[in-house]
Amino acid sequence: MELFSTEDLQAILLTLKLATVVTCVLIIIGTPLAWWLVNTQSRWKSFVSALVALPLVLPPSVIGFYLLLAMAPDGPIGHFTTQLGLGTLAFTFPGLVLASVVYSLPFVVQPIHNAIDALGKRPLEVAATLRAGPWDTFFNVVLPLAAPGFITAAVLGFAHTVGEFGVVLMIGGNIPGVTRVVSVQIYDHVEALDYGRAHILSLTMIIFSLLVLAALYSIGKPSAHKLSRS
Amino acid sequence: MELFSTEDLQAILLTLKLATVVTCVLIIIGTPLAWWLVNTQSRWKSFVSALVALPLVLPPSVIGFYLLLAMAPDGPIGHFTTQLGLGTLAFTFPGLVLASVVYSLPFVVQPIHNAIDALGKRPLEVAATLRAGPWDTFFNVVLPLAAPGFITAAVLGFAHTVGEFGVVLMIGGNIPGVTRVVSVQIYDHVEALDYGRAHILSLTMIIFSLLVLAALYSIGKPSAHKLSRS
Amino acid sequence: MTGIGIKLDLQRKDFHLRINTTLPAKGVTVIYGHSGSGKTTLLRALAGLENIPGADIQFQDSLWQKAQQFVPVHNRPLGYVFQESSLFEHLSARKNLLFAQKRADKSRCKIDWEQIVELLGIGDLLDRFPAQLSGGERQRVAIARALLVQPKLLLMDEPLASLDQARKREILPYLDKLKRELDLPMVYVTHSPEEVAHLADYLVVLDKGEIVASGNLAETLTRLDFPIHLGEEAGAVLEAKVVERDAHWGLSKIEISGGHLWFRDNGIAVGEYVRIRIFARDVSLAVTPHDDTSIINSIPATVLELEADNHKGLMLVRLQLNDDIIVARVSTLSCHKLNVEPGKRFWAQIKSVAIVQ
Amino acid sequence: MTGIGIKLDLQRKDFHLRINTTLPAKGVTVIYGHSGSGKTTLLRALAGLENIPGADIQFQDSLWQKAQQFVPVHNRPLGYVFQESSLFEHLSARKNLLFAQKRADKSRCKIDWEQIVELLGIGDLLDRFPAQLSGGERQRVAIARALLVQPKLLLMDEPLASLDQARKREILPYLDKLKRELDLPMVYVTHSPEEVAHLADYLVVLDKGEIVASGNLAETLTRLDFPIHLGEEAGAVLEAKVVERDAHWGLSKIEISGGHLWFRDNGIAVGEYVRIRIFARDVSLAVTPHDDTSIINSIPATVLELEADNHKGLMLVRLQLNDDIIVARVSTLSCHKLNVEPGKRFWAQIKSVAIVQ
Amino acid sequence: ATVRVAVASNFSGPMKKIAREFEAISSHKVVLTFGSSGKFYAQIRSGAPFDVFYSADEQKPTRLVSEHLAEAKSQFCYAVGVLALWSANRPQVVLNERTLSQASFSKLAIANPRLAPYGAAAVEVIKTLGLWDALQKSLVQGENITQTFQFVQSGNADLGFVALSQLQLQPETSANTYWIVPDSLHTPIRQDAILLNRGQDNAAAMALLEFTKSAKARTIIENFGYRIPDSD
Ligand SMILES: Nc1ncnc2c1ncn2[C@@H]1O[C@H](COP(=O)(O)OP(=O)(O)OP(=O)(O)O)[C@@H](O)[C@H]1O
Ligand SMILES: Nc1ncnc2c1ncn2[C@@H]1O[C@H](COP(=O)(O)OP(=O)(O)OP(=O)(O)O)[C@@H](O)[C@H]1O
Ligand code: MOO
Ligand SMILES: [Mg+2]
Ligand SMILES: [Mg+2]
C-alpha cells in the first residue's frame, strides 16, 4: 500500500487550494471590517462585533445546515446567485469558500481588530505628516506594525479552514476533487474504520502544519525593536 | 409542544456550565502560556506557538478520536488518570472539559499573546518602580491594558466551546445532563429531521449569544483614553 | 494673501482654545506659553491633525480648511516634529529618514541628506531601531525626518527640549540658516527663552487658549508690560551690521544706532547682518563712563520708562539709544541712588560676552 | 557604607558604559552629559531596570545587586521619573497618583498629596486621562506619582525638560526643600545648567559612557579645566548665611568670606543659609570701586589663574575672595588692557540680580 | 455514464466492493460519497447532485418519496443489519444475554436511537430483556454506529451494541468476544436504497441498483456481516 491513495492526494491539494483562497478572502474582507470596527463611533459597533463572532456559537454542521437552506434555489443566497446566473452554490467549490469564510470570519477579524486598535493614532498621524496617503500608510505603517495580528489572523483562518469539516461536509457533499477536503477524508477513513489511512493522513497534516506554522511564527518574530526596552 | 423540552433545557444549562468552566480553565492556562511566549528568548518559541495552534488543523472529530484513544485505560492520559485513582475521563464532564480546553487553546492563547506583546515593557517597568510586585502588576496594569485581548480570548474560547461539537460528540457519549450539550442536541435534531426543534434551539442560541457578546464588547469598549489622541 | 490664517474655536472639557490670527508665512513664528496653554493643540489644528468643525485654516494661497473643505494632512506640504517620540518603531533610523525622503516633494529638494545627518550627529546611529536610541537621539532623528520631507512649512513642537546645550547651540543656527536660505517658514513651539531669542521673528504668546500678545520679536520683547514673565531672560533683540573684525582679540564690532558694540567674533563677515540679544540682566547703568573695568561696551542712553519687575527689589528700565531700544534690569535701590527717571541720560554698560550670535 | 555604590560594565553595539563610582546617598547628585552619553542607561541600571550581569549596585546598607543576588525593582525603595511619558494610559491622573499612594511605604508618609498636587498645579487635571493632558501636564503628574510612592531614593530623568521656565522655577525650590527636609537623596539627570546650579550638591559628568568628572558642586564648577562646556552657565556656587533683610528695597544681605553681597529678597529669614550662584558672565572686574553705577556689589578679589574660554575672545578668571572662589568671564582684550595676572587685586563687580535663590 | 451515490457510512465497506465489481462488468463509473443518512436527506432536499441513495433505514427513502424527490417504484431493501454485543476489553468472557444482566461493567455503548437504526434496535433489545431501568445509567451513545464501535474498540466502553458488519472487518476479532443478538429481540434493521429524481434518466444509476440485487452483490453483502432480505 502506498502512503497516499490518489484520493488522499486529491484531497490534500484541494484542501490547500481551499484554505489559501479562503485565507485571502478572509484577510481582504476582515481587514476593512476590523478597520471600521476600530474607527467607528457607531452605536452598532458592539452589535456588529457580536454578529461577526456569532458563527462561533453554532455547531459547524448546524451552520452548514442553515447555509445549505440559504443556498437552496429558494433560499436567499440561492435566489440571489440564481438571479446572477451563477446557479446554486451548494456542492460547488465557491460554495465551500463562502461557507468557510462565514465560519472563520471571527478568527480573522478579532486579531486584526485588536492589533490595529493597539497601534493608537500616533503612527497614522506621523505618516500623514510625512505625506503618506491612506493606502501608503496602510501598507507601510499599519501592516508592518500590526504584523503579529495579521499573522495570527492568517494562521487561525488558514488552520481553521483546513481543520474545519462540519460545514464543509454539509455544504460540500463530499464530492471527490470538488469538495472532498482532507478533514473530510480523514473523517471518512475513521468512519470506515480504516485507521491506518487515517493515522497516516493525520500525521501528514500535523507535520506539515507544524512546519508551516513554525515558519510563519518565525517571520512574525519580534525584530530588534521589540527585543530591547521600548 | 412547549418551546423547549426538558432535555433541551438540560442541554442548555450543561452547555453554559461547560463553556464557563472551559473558559476559566483556558484563561488560567492560556495567560501564563502567552506570557511565556511573549517573554521567552527560547529557540522553542516558534515551535511551541505552532504546537498550540495545531488543534486547529485537525477536524474536531478526528481530534476527538485521538483523545478517545489517549483517554482509554491503556492510552497515555487514561493510564495517568487511572494511576491517580480518577478512573478514565471519557464520557465524563471533566473529560469534556479537558477535550474542549485542548481544542480551544489556540483561540485563547493567540489574542492574549498579541495583546501582552503590544504593551511593550514600559508599563511593567513603571509598575515596578511604583512598588508593584509581579501579581499586582499583572492584575492592575497588564490585565486592564490588555483587556481587549483578554475579552477577545474569553469570547472566542467561550463561543467556540459552545459551538464545538465534534470533539464533544466523540468524548462525551451524549449522556443527558452529563455530556449532552446544546450543539449536540441541535445536531441531533437536524439529523433526526426534527427541523422545528433545531430551528427553535438554534434561534435561542443565536439570540442569547448575540446579547452576551454585545454586552461583552460594550465592556471592552474603548474608554476615554482611546477616544482622543494618544 | 501670504500669511497663515487661523481661525478656530474648540471646547474641550474646561479647556477653550479660541484663535483668530494671521501669522507671517515667512521667518520663524514662535508660540510661547505655559504648559497646558494650548500650544500643541494649535499646532495640531494647523497641521490638520485635530478635527475642528468650523475652523478656517489658510496657508499662503491655499485654503486648508474652510466650511466643508478640508485638505487631508498628507496633502499639506508640511513637516511636523511631534512633542513626543514619534519614530516608527518598526523601522531603523535610516528607514525612518528614507520614509520621508521617498515621499518628499521632489520639485524642491533643498534639504540635503548628508548635511542634515552630519549636523544632527546621527550618522552613527542610522542602523539602530528607535528602541535602541537615547531620548535626545530619537528627537534628532525626528527632526531630520521632518526636514527630509522637504516641507514648505515646518511645524515643530518643542523640538530641542530633550537636547543638551551644546547640541542646541549647534542646531539653532542651522534652523536659522534654513529659514534664511530656503525661505522655509516655521511655526515653533518652545518654552525656552533662549530659543525664542535665537530664532523668533514673530512671537505669539498663548495663555489659557487665547493669544495674549503677538507681534514682531523686537517690538514685543522690549515692551515692558509684556505679559509673559520672561524673568531672567528679559531683554532686547537688535539686528545690526558687522563693521569690523579684530582677529587678534577675537572680537567683532557691530554698528547700532547709538554707537557700536564689541562682541566675540562668530566668524561673521564684515558687512553682514547679525542678530544680537542684550539681556536686561547684563545691562548696568553708570553715571560716568569707566574704562578701568572689564566691561568693554559703554554706550550713552536715555531712560524711556521704568517698570517694576516681578520682584519687588528689581526694576526694568527701557533705554533709548538713538533708534534702538534696550532694557536694563537694576535693583530698586540703585534706581533710587542713581536717581533713574525718564529723560535722564546714563551710560549703559554692556558686557561683550552677553551678546548672543 | 552610606553611599550609592555603582560598578558596572555594559557593551551595547558601539556604546560602552563603564562605571565604578560611589555617589553620596544624601543631597542631589546631578548626572550631566551630552545626548547619548549614557545618563538614562546609568539611571536604569541603578533602578534595576537594566539587567547587567556582573554589576554591583549598593544603596546605603542594602546590596541591590551583587553576583547572583538581585533585588527586584519593586523591592527597591525608589521613585523614578522616566524621561518619556510613562503614565498608565488606562488610569486617570488621579488613579495614577493613587496607584503610587496605595503602594507607598506607609512608615514614611512624608510627602503630602494635597501639597504636591497644589505645587505641581495639577489639581484641575486629576480626572483627565493621560491622552487628554498636554506634554508638560503629563510630566507633572509623573513627578507627583514618583513622589507619592514615598521613596527613599528619587531617580529623575530630565523631569523638567518639557516645562516652562515659570513652572520650573516653582518646582525646583520644592525639590530642594524635599532634599533638605525629608532627607531624600536624588539622582537627577539633566541637560540644564540652571537645574545643575539650583539643585546639585554633587555632579557627575558622563561622556561616551564614562565618568569624566565628578565631585562636589562648588569644587567642580570653579575648576577652570572643568571638562564640560558649561558655556554661558559657567560660574561658582556658594553657600552663605543671610545676615540682613531690607524690606524697603526688597533686598537681602549675605555674608561671604570676602565681604557681603546684596541680592533680591527671597523671603529667607535672617540666620538661614542660602545657596547663591554667581555666573562668570555676570562678574566684571574693575581697578577701582565705582559707586556711580547700578552694580551694587563690589568686592575685593585676587586673581588666582586665567584660562582661555572655549571662545578665543574670552577668558575665564578664577578669583579668590578670602575663602571663597568665584569665576569671572571677561574679554581677552579687557584682560590685556587691565593687565589681569595671577596675584593681582581687582574689584569684582557682581550685579545683585545675578544671584539665584 | 457516471452515477453519483450517497451511501450510509455503515455500508461503506460492502459498497466499495460492489462498486468495483459493477465497474468491472459495465462501462459505467461510480462515484461514492459516504456520510450519515440524516445529512444526506437534508442535502438531497437542497439539490445535492446524487443519483442514488443507500440509506441506513427505511424512513428516509420513504420520506423522500412523499416529498417527490425520489422514485417510489425503485425503493428496495438492500441489506438487513445484524446487531452484535461486543467487548474489546475482556475477550475471555463468553457473552450472551446474561452478560448484560450481570452488570459487571460500567459503560455500555449504543448508537443514538434517534439517529441510527442500530441504536433503536439496541434499545429494543434492552427493553425486551427487561434491563432498561437497570442499565440506563451505564449507557453512552455514539452519534452513529461507527462512533459506537470506536467507544468499545478503544476500551472506553466495556461493552457495546455494534454492527456485525463492523466486526467482520476486524480480522483479529475472535468469535467468543461477541454475541450475535437474535432477530427475535428487535425489529429487523432494514436498510433501503432508492433512485433519486436526479438519476431518473441515468442508465448507470438504474444498472447499479439492479446489480445490487444480483447474486454476486448479495454474496458480498452477506460476507460483510449483513443479512439479505427474504422477499424482493
Ligand atoms: N538597545 C540598545 N542597543 C544599542 N545601543 C543602545 C541601546 N540602548 C541605548 N543605546 C545607546 O546607548 C547610548 C546611551 O543611551 P542613553 O539613553 O543612556 O543616553 P542619554 O545619556 O540618556 O541620552 P539623552 O540625553 O539623549 O536621553 C546611546 O548612544 C544609545 O544609542
Ligand atoms: N482630549 C482632551 N480632553 C480634554 N482636555 C484636553 C484634551 N486634550 C488636551 N486637553 C487640554 O488642553 C490644554 C492644552 O493642551 P496642549 O497640549 O495644547 O498644551 P501645550 O500648550 O502644548 O502644553 P505643554 O507645554 O505642556 O505641551 C491642556 O490643559 C490639556 O489638558
Ligand atoms: O450509517 Mo449511519 O446513518 O451514520 O448510522
Ligand atoms: Mg504641548
Ligand atoms: Mg536619556
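**Exercise 1.** Work out which polar contacts hold ligand 2 to chain C, starting with C:His191.

*Solution.* Start with the side chain of C:His191: one of its N or O atoms is 3.2 Å from an oxygen atom of ligand 2. That fits the cut-off for a polar contact, a pair of N or O atoms within 3.5 Å (within protein, one must be able to donate a hydrogen and the other to accept it, and residues adjacent in sequence count only if both atoms are side-chain atoms). Next, take C:Gln83, where a side-chain N or O atom sits 2.7 Å from an oxygen atom of the ligand. Then turn to the backbone: C:Gly38 has an N or O atom 2.9 Å from an oxygen atom of ligand 2. Finally, look at the cover: on its own ligand 2 has 640 Å² of accessible area, and the protein covers 97% of it (Shrake-Rupley method, 1.4 Å probe).

A quick word on the ground rules: this is a predicted model, where local features need pLDDT of at least 70 and side-chain atom pairs count only at pLDDT 80 or more, while totals for chains, interfaces and linings use all residues. Residues are numbered from 1 along each chain as its sequence is written, chains are lettered from A and ligands numbered from 1 in the order in which they are written, and side-chain values use heavy atoms, with hydrogens and water left out.

**Exercise 2.** Find out which chains surround ligand 2.

*Solution.* Gather the residues with a heavy atom within 4 Å of the ligand. There are 23 around ligand 2, and C:Thr40, C:Thr41, D:Arg128, D:Ser134 and D:Gly136 come nearest. The surrounding residues belong to chains B, C and D, so the site is shared between chains. Now sort the shell by type: 2 nonpolar, 14 polar and 7 charged (Ala, Val, Leu, Ile, Met, Phe, Trp, Tyr, Cys and Pro count as nonpolar, Asp, Glu, Lys and Arg as charged, the others, Gly among them, as polar).

**Exercise 3.** Is C:Ser134 buried or exposed, and what is it in contact with?

*Solution.* First, the accessibility: C:Ser134 is buried because its relative value is 16% (buried is under 20%, exposed over 50%, partly exposed in between; 1.4 Å probe, protein chains only). Second, the contacts, meaning heavy atoms within 4.5 Å: beyond neighbours within four places in sequence, C:Ser134 touches D:Ser35 and D:Gly36. Third, the detail: a polar side-chain atom of C:Ser134 lies 3.5 Å from the backbone nitrogen of D:Gly36. Last, zoom out: among the 8 pairs of chains that touch, C and D have the most contacts.
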